[in-house]
Amino acid sequence: MLCLLIGMIVGSQGIWVTSLSAQGSNVPVGTQRPLDQPQPPPGAGPSTATIDAWQDRKFGMFIHFGLYSMAGGVWNGHRVDNGYSEQILANAPIPPKDYDALAKRFDPVNFDADAIAALAKAAGMKFIVITAKHHDGFNLFQTAQTPYNAVDGTPYHKDIVKQLADACARAGLKFGVYYSTIDWHHPGGNTYIESNSNPITPGQEAFNVAQLKELLSHYGPIAEIWFDMGKPTPAQSTHFAQTVHALQPQTMISGRVWNYRGDFAVMGDNSEPDVSVELPWQAPASMFPETWGYRSWQPRTDLPGKIRENITRLVRVVSQGGNYILNIGPEGDGSVVPYEAQVLHGIGAWLQRNGDAIYGTRKQPFTALDFGYATVGPHAIYLFVTKMPPDHQLHLPGLTDTALGRAYRLGSPENTVEIHHDADGVSIPLDRLPHWPVADSDGTNVDSFMPVVVLPFKGTLRVRPQAIAAADDGSFHLQPAQAAHYLNYNGEGYEDPSTLYKLVWQLDAKASNYSVNISYTPLPQPAQMDLWVDGQRYPMNSASTVAGNHNVASQTIEVRRDRKAHPYAMQLELTPRSPFEQGTRLPVTVTSVEVSPTR
């Protein structure tokens with residue numbers, strides 16, 4: 001595990017959950033998190049080492065392939081452009097019997113699992129996830145639950161999931177499967193609903209569980225299972241997740257299993273987070289936002305621009321602490337679209353030089369950088385230069401009290417430059433760095449696009465966070481809008497809105513003793529939550545509303561902080577009562593927080 005004690009992330013040092021249920025038991029349990037973070041679901045689950053390894057991979061391949069690939073976004077000679085092409089059954093719409101007939105012609109003779117694995121490796125990808133079953137209900141694997149699969153119901157008669165699982169094992173890639181919990185082919189589940197928020201019938205639930213057991217039993221280690229869509233009940237989400245972990249506890253489950261039963265959060269399609277995220281997370285992206293499955297008439301232009309676009313998205317996601325999974329949509333005969341292969345080769349060429357700044361790193365400790373992005377490795381900060389500052393200086397605000405070496409361009413450690421310290425942090429003079437690349441006019445030169453500067457460090461990396469200044473009397477008048485907001489987040493909507501579980505403020509506090517007054521809108525019943533100051537927990541029992549009175553209530557807590565242990569800022573947090581599980585909301589609506597020094 002990459003352990004970084006970064007000054008801006010100090011709120012829960014040394015405060016950990018202990019699982020009492022695991023004592024004296026042989027049942028494997030998942031990781032535990034700091035007490036001011038949501039705890040994973042109880043029972044078996046991925047270990048800390050598994051989660052760290054999953055986060056280290058950073059970049060993977062998504063594959064959307066199925067009967068819809070044969071249609072290619074066209075039906076009866078007409079383009080279908082309302083929605084993703086992999087959902088053409090619903091979007092065209094197509095009579096189910098006519099769509100099912102595609103299976104009688106499904107024969108992807110050009111599907112080459114080893115070639116796809118080789119392409120993923122050439123792109124610098126570390127894992128592959130394929131659509132074992134999409135919403136149309138057609139299965140790329142042999143299943144005893146229905147003949148509607150690639151082995152039993154098509155002239156191809158081969159298990160595509162098995163082929164790819166074996167190819168990944170040979171290539172040293174991790175393998176995962178996408179699984180749609182809705183199924184338009186299943187009796188009682190074959191109705192399209194806007195946003196694909198279909199309830200899961202008991203029959204479908206049993207069908208899904210049986211298929212999950214097949215996938216987790218016959219295809220070797222499954223690194224992650226990418227659940228998607230549907231509107232299962234909390235009990236159904238738990239049933240799906242427990243089925244997976246009972247067979248393979250180390251399989252990472254996507255948040256789109258819903259109801260906070262997942263091991264990692266999934267951003268919306270082609271989206272990135274705009275709030276703080278503590279769970280492991282992944283950003284799924286398609287080559288073109290209009291579709292994931294093959295679309296024959298999709299314009300495929302500006303190859304250099306598409307390569308740069310995806311390198312930039314990869315860097316942006318990794319700098320925020322996430323993993324990036326980029327989709328390809330093979331044609332109906334199984335062949336990879338040449339344009340998509342060229343994009344992947346272009347990304348791979350850039351990663352050959354700059355991969356050390358991506359793999360095994362963690363999120364940047366800076367709120368924002370005027371020149372681009374950053375990641376942090378065990379012994380270096382990696383700086384991605386997307387635009388040259390006017391003064392040719394890379395400014396790293398708040399970097400302090402850290403043993404730093406001379407900076408150099410990644411791949412050229414022999415050419416170094418001395419860094420400059422100032423009151424605000426550190427600067428790196430790029431105009432003094434030998435052989436700094438000059439950007440070419442059209443950005444096609446992979447050697448000059450988004451070069452990376454390495455800043456080595458020894459020991460602990462310390463970054464002073466941007467802190468809220470005190471009033472003249474040393475007090476702070478805090479509003480929720482000034483805080484970092486941490487949200488319970490499963491995926492992209494689907495009638496499951498995000499909810500707030502934590503507020504965090506950083507304060508430029510000079511005193512040791514403070515009085516903290518929290519004002520909030522009370523609930524009809526009393527609620528419990530925690531105030532955290534520099535990792536120290538202060539339990540709170542909030543009052544309930546008095547009949548007919550819905551005014552703001554408040555509670556005052558006296559706190560003491562160790563300024564020597566936390567010299568850069570006072571971190572103040574509000575969370576549900578600890579320990580709390582994923583999905584727990586902050587129980588009240590906070591209106592303001594007053595922090596006043598006391599003697």
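Here are some short exercises on the structure above, each with a worked solution.

The model is predicted, so keep its ground rules in mind: local features need pLDDT of at least 70, side-chain atom pairs count only at pLDDT 80 or more, and totals for chains, interfaces and linings use all residues. Residues are numbered from 1 along each chain as its sequence is written, and side-chain values use heavy atoms, with hydrogens and water left out.

**Exercise 1. Work out how the rings of F141 and Y219 are arranged, and where the two residues sit.**

Start with the rule. Rings of Phe, Tyr and Trp (its six-membered ring) pair if their centres lie within 6.5 Å; planes under 30 degrees apart count as stacked, over 60 as edge-to-face and the rest as tilted. Searching the whole structure turns up 20 aromatic pairs.

Now apply it. The centres of F141 and Y219 are 6.3 Å apart and the planes stand at 90 degrees, so this pair is edge-to-face.

Next, find the residues on the chain. Helices (H or I, at least four residues) and strands (E, at least two) are DSSP runs, numbered from the N terminus. F141 is in the loop between β4 (127-133) and α6 (160-171), while Y219 is in the loop between α7 (202-218) and β6 (224-228). That's 78 residues apart, so the pair links distant parts of the chain.

Last step: are they buried or exposed? Buried means under 20% relative accessible area, exposed over 50%, partly exposed in between (1.4 Å probe, protein chains only). F141 comes out at 0%, so it's buried, and Y219 is buried too, at 7%.

**Exercise 2. Do the same for Y179 and F227.**

The ring centres of Y179 and F227 are 6.4 Å apart with planes at 80 degrees, so you have an edge-to-face pair. Y179 belongs to strand β5 (residues 174-180) and F227 to strand β6, so the pair ties together parts 48 residues apart in sequence. Y179 has 0% relative accessibility and counts as buried; F227 is buried as well, at 0%.

**Exercise 3. Find which residues form a cluster of ring pairs, and which rings have a charge over them.**

The cluster is made of F65, F106, F111, F138, Y148 and Y156, linked by ring pairs.

For charges, the rule is that NZ of Lys or CZ of Arg is within 6 Å of the ring centre and within 35 degrees of the ring normal. K126 has its charged end over the ring of Y359, 4.3 Å from the centre. K502 does this with Y486, at 4.9 Å from the ring centre.

**Exercise 4. Describe how helices α9 and α10 pack.**

Two packed helices are described by the angle between their axes and the distance between the axes. Axes are lines fitted to C-alpha atoms, for helices over the stretch in contact, and angles run from 0 to 180 degrees between N-to-C directions.

Step one: the axes of α9 (residues 303-319) and α10 (residues 338-354) come within 9 Å and cross at roughly 55 degrees.

Step two: angles under 35 degrees count as roughly parallel, over 145 as roughly antiparallel, 65 to 115 as roughly perpendicular and the rest as oblique. That's why α9 and α10 are oblique to each other.

Step three: check which residues touch, where contact means heavy atoms within 4.5 Å. On the α9 side, they include L303, I307 and L314; on the α10 side, they include Y339, V343 and W350.

**Exercise 5. Hunt for unusual backbone spots.**

Most residues other than glycine have a negative phi, and most peptide bonds are trans.

- A cis bond joins A92 and P93, with omega about -15 degrees; P93 sits in the loop between α3 (88-91) and α4 (96-100).
- The bond from S578 to P579 is cis too, with omega near -5 degrees, and P579 is in the loop between β27 (570-576) and β28 (589-597).
- S195 has a positive phi, near 70 degrees. This residue lies in the loop between β5 and α7 and is partly exposed, at 35%.
- M450 has a positive phi, near 45 degrees. M450 is in the loop between β18 (425-429) and β19 (452-458), and counts as buried at 4%.
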